Amino acid sequence: MKKHSAVACISRADLFSSLSPDALKKIAAISTHQEYFPRNTIIRQPGNGKEGMIFMDEGSAKIYSLNEDGKETVLGVINKGDYAGQQSLFKEPNHENYIQALQDTYVCSINRDDFQNLLKKTPDLVINLLNTFGEKLVAAETNSIRRNSMNAKDRLMDYLVEQSQKLGSARFSLPLKKKDLASYLGTSPETLSRQLKLLEKENKIRVNRREITIVKN
């Protein structure tokens with residue numbers, strides 16, 4: 001296996017990405033990393049006492065549920081770099097799903113009970129997380145207003161200016177893939193591509209793949 005950083009692994013999650021290095025180290029200390037699961041084995045299942053969040057370090061897995069008759073419904077697939085179950089760190093799910101390795105897989109995880117105990121012992125971490133939640137609520141409200149009151153081109157330009165200001169640079173890389181950004185802005189990937197070209201034609205931005213430069217007039 002390649003060299004693995006527990007802190008870097010955990011910081012991939014949106015929930016933890018804004019936390020300080022010290023806070024990330026505290027979470028890393030209670031996490032488990034690069035647990036091996038051969039192909040077709042069950043990574044998580046109801047009642048196995050492993051409720052919490054998982055990170056896919058290598059491989060892939062499917063998430064599915066079983067009804068009373070044992071019929072399987074696939075809910076999604078998680079691949080290398082993906083994570084799932086962050087909501088389980090805060091609330092016990094009403095219905096747990098199964099996660100099964102689709103190939104030889106290495107998984108990192110945070111157990112809910114361990115995480116809850118850490119929160120009780122570290123008020124500074126609780127404050128950091130609350131601040132993160134606050135920022136996300138503000139961002140969600142801003143995007144809701146953007147989606148409801150602007151056309152596609154103005155929504156995109158407003159978002160790009162916001163990112164530029166947040167990063168303190170006129171040149172930056174899009175934090176989301178274009179298809180994900182389109183979904184976030186409430187448009188289609190095709191419309192997003194057209195609006196990027198239109199903004200570039202109007203000399204408001206320059207585009208180089210995922211790198212954007214805001215043109216200052």
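Visitor: Is D124 buried, partly exposed or exposed, and how do I read that from the relative accessible area?

Guide: A residue counts as buried under 20% relative accessible area and as exposed over 50%, with partly exposed in between. In this predicted model, D124 has a relative accessible area of 35%, and therefore D124 is partly exposed.

Visitor: With which side chain does D124 meet in a salt bridge?

Guide: For a salt bridge, one looks for a side-chain nitrogen of Lys or Arg within 4 Å of a carboxyl oxygen of Asp or Glu. Here the side chain of D124 meets that of K26, with 3.0 Å from N to O. This pair links distant parts of the chain, since K26 is in helix α2 (residues 21-29) and D124 is in helix α4, and the two are 98 residues apart. K26 has a relative accessible area of 26%, so K26, too, is classed as partly exposed. The pair is also part of a network of salt bridges, in which D22, K26 and D124 are linked.

Visitor: How many salt bridges does a search of the whole structure find?

Guide: The search of the whole structure finds 7 salt bridges, and two further pairs are worth following on the model. One of them joins E202 and K153, whose closest N and O atoms are 3.0 Å apart. E202 lies in the loop between α7 and β10, while K153 lies in helix α5, so this salt bridge ties together parts that are 49 residues apart in sequence. The two partners fall into separate classes of accessibility: E202, at 33%, counts as partly exposed, whereas K153, at 19%, is buried.

Visitor: And what joins E211 and R171?

Guide: The side chains of E211 and R171 meet in a salt bridge as well, at 4.0 Å from N to O. E211 belongs to strand β11 and R171 to strand β9 (residues 171-173), so that distant parts of the chain, 40 residues apart, are linked. Of these two residues, E211 is partly exposed with a relative accessible area of 29%, and R171 is exposed with 52%.

Visitor: Which residues form a nonpolar patch on the surface?

Guide: To find such a patch, one looks for nonpolar side chains that lie within 5 Å of one another and whose residues have over 30% relative accessible area. In this structure F90, V126, L130 and F133 form one, and together they have about 320 Å² of accessible area. Take V126 as the example: this residue is found in helix α4 (residues 123-149), and V126 has a relative accessible area of 31%, which means that V126 passes the cut-off of over 30% for a patch.

Visitor: Now for the interior: how many cavities of 30 Å³ or more does a search of the whole structure find?

Guide: Rolling a probe the size of a water molecule over the atoms shows where empty space is left. Here the search finds 1 cavity of 30 Å³ or more, and the volume of the largest cavity is about 30 Å³. Its lining is made of A152, L156, L185, T187, T191, L192 and Q195. The elements that give two or more residues to this lining are α5 (152-167) and α7 (189-201), and the largest share, 3 residues, comes from α7. By type, the lining divides into 4 nonpolar residues, 3 polar ones and no charged ones.

Visitor: What is the phi of N40, and where does N40 lie?

Guide: When reading backbone angles, one can look at the sign of phi and at whether the residue is a glycine. N40 has a positive phi of about 75 degrees although N40 is not a glycine, and this residue lies in the loop between β1 (31-37) and β2 (42-44). R209, which is also a residue other than glycine, has a positive phi near 60 degrees. R209 is placed in the loop between β10 (205-208) and β11 (211-214), and at 73% relative accessibility R209 counts as exposed.

Visitor: To step back to the whole chain, how many helices and strands are there?

Guide: The chain has 7 helices and 11 strands, and its C-alpha atoms fill a box of roughly 60 × 45 × 35 Å along the principal axes. Of the 217 residues in the chain, 34% are buried. Y64, placed in strand β4 (residues 60-66), is one such buried residue, with a relative accessible area of 7%.

Note on methods. Residues are numbered from 1 along each chain as its sequence is written. This is a predicted model: local features need pLDDT of at least 70, side-chain atom pairs count only at pLDDT 80 or more; totals for chains, interfaces and linings use all residues. Side-chain values use heavy atoms; hydrogens and water are left out. On a 1 Å grid over the protein atoms alone, a cavity is a set of points where a 1.4 Å probe fits but cannot get out, and a pocket is an open set with protein on both sides within 12 Å along at least five of seven lines; lining residues have an atom within 4 Å of a point. Grid points are joined across faces, edges and corners, and a volume is the space filled by probe spheres set on the points. Helices (H or I, at least four residues) and strands (E, at least two) are DSSP runs, numbered from the N terminus. Ala, Val, Leu, Ile, Met, Phe, Trp, Tyr, Cys and Pro count as nonpolar, Asp, Glu, Lys and Arg as charged, and the others, Gly among them, as polar. Patches are made of residues with over 30% relative accessible area and no salt bridge: like charges are joined within 9 Å, nonpolar side chains (Val, Leu, Ile, Met, Phe, Trp, Tyr) within 5 Å. Accessible areas come from the Shrake-Rupley method with a 1.4 Å probe; for residues, only the protein chains shown count as cover. Buried means under 20% relative accessible area, exposed over 50%, partly exposed in between (1.4 Å probe, protein chains only).
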